[in-house]
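User: I'm new to reading protein structures. Could you walk me through one, feature by feature?

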Amino acid sequence: MQYVTIGTTEMQGSVIALGTWAAGGWMWGGTEEKEAVAAIRTALEHGVNLIDTAPVYGFGRSEEIVAKALEGFPREKVLIATKCGLAWTKEEWPKGKGILHFYTTEKGEGSADHFDYRVYKYLRPESIRKEVEESLRRLQTDYIDLLQTHWQDETSCVAETMETMMKLKEEGKIRAVGVSNTTCATLEEYEKVGRVEVIQERYSLLDREIEENGLLEKAKKEQITLLPYSPLCRGLLTGRMAPERVFGEGDRRSHEPRFSPESRRQVNEKLAQLQPLAEKHGLTQAQLVIAWTFSKYPKTNVLCGARTPRQVLENVAAGDVRLSAEEIAEIESAFASVKI
């Protein structure tokens with residue numbers, strides 16, 4: 001397993017990081033706690049030391065599962081990343097207090113006519129502090145290694161948000177600050193107040209917007225770590241998502257055009273073209289895609305979601321490979337015509 005420095009900190013994170021959204025079950029068709037705990041422990045045993053979670057993943061369930069998995073494991077050997085800025089509530093908030101992000105049920109996406117919670121983007125100081133205290137309790141720890149804003153909230157002042165996070169750092173409750181799902185302009189507003197060490201953004205062979213909007217270039221110039229999520233596009237880039245597969249209840253992929261049978265067929269054909277390159281490195285198609293993701297920029301820790309030990313073992317196998325510029329170009333060329 002390779003390790004890289006997180007931003008300008010002294011923390012060294014594994015290039016393969018473990019994402020635990022699916023472990024919480026919400027929007028993923030449920031979860032099996034024992035298997036999710038086993039998956040996290042398997043990751044730790046195989047060199048993964050960076051675990052990413054969030055309060056909203058299973059409405060606290062993911063953080064609780066992470067805590068159970070870490071029981072008996074030296075706290076200083078693991079980097080825990082969580083988030084703030086998404087609050088769930090049954091009641092409607094007054095106008096101007098946060099932004100309604102979406103409706104959801106306990107299992108997955110809902111609607112205005114059918115929901116268990118309203119989820120709001122909300123990044124004001126009192127809410128951040130409340131979220132951090134609740135996360136510390138659920139994670140059963142006294143500090144968070146990386147606290148990230150989950151989504152930006154236009155009703156909250158960026159300066160006040162960052163001031164709060166910097167104070168939490170001074171108090172020893174967090175070690176570093178990150179932002180997720182942001183823009184260059186908003187990132188610059190954060191940077192006027194304090195140091196941002198990480199940006200967490202959607203990034204995969206099928207999602208390369210950060211190459212076009214300037215975020216990746218800005219990260220390179222400022223030694224900011226990239227923590228890309230959905231590198232395998234929720235399974236689409238594994239090469240094993242058959243066109244005839246039927247998704248379970250609560251799985252939002254069931255109604256997304258990107259996961260249509262035709263899209264799956266098209267992606268699988270492109271991945272098959274890369275099989276010789278994968279075999280050259282002793283990798284599966286999915287492992288090759290993961291290696292492409294962290295080979296693009298040295299300060300990258302790829303978030304690979306897994307909720308079974310088997311999935312973890314496949315992901316971590318990519319952690320020893322570093323692709324050449326020519327190999328990166330070959331992979332990108334194969335997918336140049338894919339527009340989904």
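Analyst: Sure! One definition to start: contact means heavy atoms within 4.5 Å. Keep in mind that this is a predicted model.

User: Okay, let's use that. What covers the buried residues of α11?

Analyst: The cover includes β3 (16-19), α1 (33-45), α10 (285-295) and β13. The helix itself spans residues 309-316, and its buried residues are Val312, Glu314, Asn315 and Val316.

User: Now the sheet. How do strands hold on to each other in general?

Analyst: Strands of a sheet pair through backbone hydrogen bonds, and the pairing can be parallel or antiparallel. In this model, eight strands make an open sheet with parallel pairing, and the order is β12-β11-β10-β9-β5-β4-β3-β13.

User: Which are the edge strands?

Analyst: Those are β12 (225-226) and β13 (302-305), each of which pairs on one side only. Start at the β12 end: β11 (residues 198-200) pairs with β12 in the parallel sense over two bridges, and Ile199 sits opposite Leu226 in β12. There is also a helix packed on the sheet: α3 (residues 125-139) touches β5 (79-84) and β9 (146-149), and its direction makes about 145° with that of β5.

User: What about the other end?

Analyst: There, β3 pairs with β13 in the parallel sense over four bridges, with Ala17 opposite Leu303 in β13. On to the next neighbour: β3 and β4 (residues 50-52) run parallel and are joined by two bridges, and Leu18 faces Ile51 in β4.

User: Are the residues of β3 buried or exposed?

Analyst: The cut-off you need is that buried means under 20% relative accessible area. Both faces of β3 are covered: Ile16 and Leu18 are buried on one side, Ala17 and Gly19 on the other. Strand β10 (residues 177-180) has both faces covered too, with Val177 and Val179 buried on one side and Gly178 and Ser180 on the other.

User: How many bridges pair β9 and β10?

Analyst: Three, again in the parallel sense. Look for Gln148, which stands opposite Gly178 in β10.

User: Next, helices. How do I tell which residues point the same way?

Analyst: An α-helix has 3.6 residues a turn, so residues three or four places apart point the same way. Now look at a helix pair: α1 and α2 (residues 61-69) have axes that come within 9 Å and cross at roughly 60°. That angle makes α1 oblique to α2. The crossing is right-handed.

User: Which residues in α1 meet α2?

Analyst: Glu33, Ala36, Val37, Ile40 and Arg41 do, and on the α2 side they meet Arg61, Ile65, Val66, Lys68 and Ala69. Sorted by class, this contact has six nonpolar, no polar and four charged residues.

User: Can we try one more pair, α4 and α5?

Analyst: Gladly. Helix α4 (residues 158-170) packs against α5 (residues 184-191) at an angle of about 50°, and the axes are 8 Å apart. That makes α4 oblique to α5. Their crossing is right-handed.

User: And which residues in α4 meet which in α5?

Analyst: Val158, Thr161 and Met162 in α4 meet Thr186, Glu189 and Tyr190 in α5. By class, the contact divides into three nonpolar, two polar and one charged.

Key. Residues numbered from 1 in each chain as written. Predicted model: local features only at pLDDT ≥ 70, side-chain atom pairs only at ≥ 80, totals over all residues. Heavy atoms only, no water. Axes fitted to C-alpha atoms, helices over the stretch in contact; angles between N-to-C directions. Parallel < 35°, antiparallel > 145°, perpendicular 65-115°, else oblique. Left-handed = near helix turned anticlockwise from the far one by under 90°. Nonpolar A, V, L, I, M, F, W, Y, C, P; charged D, E, K, R; others polar. Pairing = 2+ DSSP bridges. Buried < 20%, exposed > 50% of the residue type's maximum accessible area, 1.4 Å probe, protein only.
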